[in-house]
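Please look over the sequence and the model shown here. The report that follows describes one helix and one strand.

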Amino acid sequence: MATPTTTEAAAPQGPAVQPDLTDLIRVAVPERGLRQDLRAASVVWRRELIRFRTDRLRMITSLVQPVLFLFVLGTGLGALAGHSLPPGVSFKTFIYPGIVAMGVLFTAIFSAGSIVWDREFGFLREMLVAPVNRGAIVLGKCLGGTTVATFQGIIVLALAGLADVPYNPVLIITLIGELLLLSFTLTAFGVMMAARIKQFQAFMALTQMLVMPLFFLSGALYPLNGLPAWLTVLTRIDPLTYIVAPMRRAVFSHLNISPAALHALAPGVSWFGWTVPLGLSLGIVALMGVGMAGIAIVEFNKTE
Amino acid sequence: MAVQTGGEAEGSARTGPAGPSQFSTAEDTAVSVSKLTKRYGDLEAVRGIDFEVRRGETFGFLGPNGAGKSTTISILCTLVKPTSGTAVVAGHNVVTDRDTVRRNIGLVFQDTTLDTYLTAEQNLRFHAELYGVPRAAVAPRMRQVLEMVGLWDRRESLVRTYSGGMQRRLEIARGLLHAPHILFLDEPTVGLDPQTRSSIWRYINDLKQREDITIFLTTHYMDEAEHCDRIAIIDHGLIVAIDTPEALKASVGKDRVQISTADDEVAIRELAERFGIEAALHEGLVTFSVESGEEFVPRLFAELDVPIRSVSVARPSLDDVFMSYTGRTIRDTEASSADAMRAMAQRFGRR
């Protein structure tokens with residue numbers, strides 16, 4: 001039998017464990033507060049990590065698509081596109097930043113989709129009936145998705161050498177930072193969608209439908225300059241654009257190429273000829289993430 | 001601040017079920033409901049009910065599917081807002097004081113709400129964190145509740161590998177983890193085989209001995225209602241009877257006879273003409289109530305012209321109670337209400 005040793009008050013609420021006549025452990029559930037909300041967010045986050053760790057298959061399948069794009073599409077199209085690239089720069093290197101973003105894309109959205117899954121299998125209810133702020137749960141979920149997606153992105157980052165990208169510590173840290181931001185925004189987007197969609201299949205269908213256009217319009221596979229007007233507009237609307245461009249900038253500034261080539265290949269996003277500064281570009285992505293997470297919190301507060 | 005309602009006054013180890021109400025102070029009332037209604041569009045799921053549940057009691061809500069049981073329990077658990085009326089649970093209003101109510105109750109839903117890809121222990125830890133169980137209390141309390149339901153040895157197995165009965169037990173353990181004052185069980189044994197059902201009840205009864213807890217449950221199994229200290233029979237959103245199982249059965253007072261005959265129509269007519277007994281077809285059998293079944297059966301064989309194929313005599317059960325209050329057996333209502341429920345489920349979507 002468990003001996004409920006009276007503990008040195010771990011929680012500021014005072015000793016809550018006190019053996020009574022029937023050896024019953026009394027638990028005093030504390031009032032709601034920031035501390036409780038943080039604990040709730042943290043456990044939702046940890047669950048995401050446990051689920052990810054035990055799901056090896058998902059880790060591998062999420063890698064298939066980026067690898068396919070990078071090596072099959074990259075090599076194949078590279079034969080064609082190679083002529084327009086400066087010597088020493090391969091097409092694989094050019095699309096590499098976008099492919100890293102892609103590795104994150106699926107994992108982040110799939111991770112958010114587990115909310116729909118949880119709803120169908122009942123576990124969401126366990127979370128929603130708990131006496132904690134719903135915002136804490138949404139936040140925990142967003143951070144969980146951010147963590148696993150970034151981790152998935154790091155696996156793709158490990159392939160850098162195969163795309164002729166140097167393993168430069170500064171570059172890797174920069175990219176990881178940008179991946180974190182991207183993962184958060186994508187997860188927040190997924191969670192926002194999951195708040196409304198009740199069936200997992202519908203969620204997958206809808207996100208699949210959105211993910212590909214997001215990816216194709218992000219400039220991951222082609223330069224953003226010199227596009228027809230309609231495509232220019234669409235690429236500028238795509239939030240992914242604002243993260244792929246800084247990532248490409250980071251990669252190319254660590255390559256041994258001329259400033260002119262750097263400017264031609266990774267010019268950053270421009271609005272009517274004005275180059276959007278790096279900070280604003282990242283700020284847009286962050287703002288969208290925060291905004292969508294906010295909408296998700298409002299949505300979840302409305303249910304039940 | 002620690003919220004700890006004074007459940008464990010020194011030396012007052014509870015023995016057996018709560019006695020009848022000698023006094024009724026707010027302290028002793030676990031649930032108090034008055035004039036409660038709930039509408040879904042033009043469907044009135046709960047149509048003005050009043051009742052009280054005393055502390056330490058096992059209180060059962062008995063009724064067919066779609067009678068308003070689940071709606072009522074959902075209101076009490078703060079999952080659904082009532083249209084009108086008030087409900088006070090563990091001393092707090094379910095609408096205005098939602099979080100406090102939630103902290104003080106444990107919930108076991110009809111459908112599983114476990115993460116089956118986690119182990120039993122991980123599921124419980126998740127719950128403990130979510131409910132803010134003080135860190136030092138988590139491990140001992142977890143062991144206690146797992147031992148209570150006989151799952152301590154299986155704590156490291158994935159819940160996926162559990163049988164239906166084990167999952168339900170784990171849910172009960174989880175519902176108890178934060179030491180709630182009231183445990184709500186919505187159809188705790190639905191979909192389980194008879195052996196598992198009775199084992200679940202063994203655990204629930206054992207739990208009553210060990211924890212100072214009020215249990216509120218819904219069921220549509222008559223035999224389960226017998227485990228309750230008091231029962232409310234609910235039908236069409238109204239409480240039609242509320243009392244102890246014994247008192248309810250005594251109020252019916254008659255034995256139930258069911259016969260199968262060559263021609264049921266004729267048998268019903270003959271019963272009316274010769275014995276003045278009102279019989280009806282239930283579950284495909286001619287069913288009626290008489291004072292003393294054993295003495296009546298010989299007369300039945302002697303005086304009824306229609307050949308009788310089989311006879312069964314039953315002492316009054318809650319089934320009869322239900323029938324005498326609603327005019328139907330609980331199984332009669334299943335067929336018709338199943339369709340209505342399905343329609344409702346589609347309309348409101350499953351949560």
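What follows takes the helix and then the strand with its partners.

This is a predicted model, in which local features need pLDDT of at least 70, side-chain atom pairs count only at pLDDT 80 or more, and totals for chains, interfaces and linings use all residues. Residues are numbered from 1 along each chain as its sequence is written, and chains are lettered from A and ligands numbered from 1 in the order in which they are written.

Helices (H or I, at least four residues) and strands (E, at least two) are DSSP runs, numbered from the N terminus. Helix H3 of chain A covers residues 91-120, and its end C-alpha atoms lie 43 Å apart, which agrees with the 44 Å expected of 30 residues; the expected span is 1.5 Å times one less than the number of residues. A kink of about 40° is centred on A:Pro97 in H3(A), the bend being the angle between axes fitted to the seven residues ending at a residue and the seven starting there. Of the 30 residues of H3(A), 28 are buried, a term that requires 20 or more other C-beta atoms within 10 Å of the residue's own, with C-beta atoms placed from the backbone. Just after H3(A), A:Gly122 has a positive phi of about 95°.

Strand S4 of chain B (residues 58-62) is largely enclosed by the rest of the structure, because 5 of its 5 residues are buried. B:Thr58, B:Gly60 and B:Leu62 point one way from S4(B), while B:Phe59 and B:Phe61 point the other way. Its pairings, which require at least two DSSP bridges between two strands, are tabulated below.

| Partner of S4(B) | Sense | Bridges |
|---|---|---|
| S9(B), residues 214-219 | parallel | 5 bridges |
| S10(B), residues 230-235 | parallel | 4 bridges |

Within these pairings, B:Phe61 has B:Thr218 of S9(B) as its bridge partner, and B:Leu62 stands opposite B:Ile233 in S10(B).

Methods. Buried ≥ 20, exposed ≤ 12 C-beta atoms within 10 Å, placed from the backbone.
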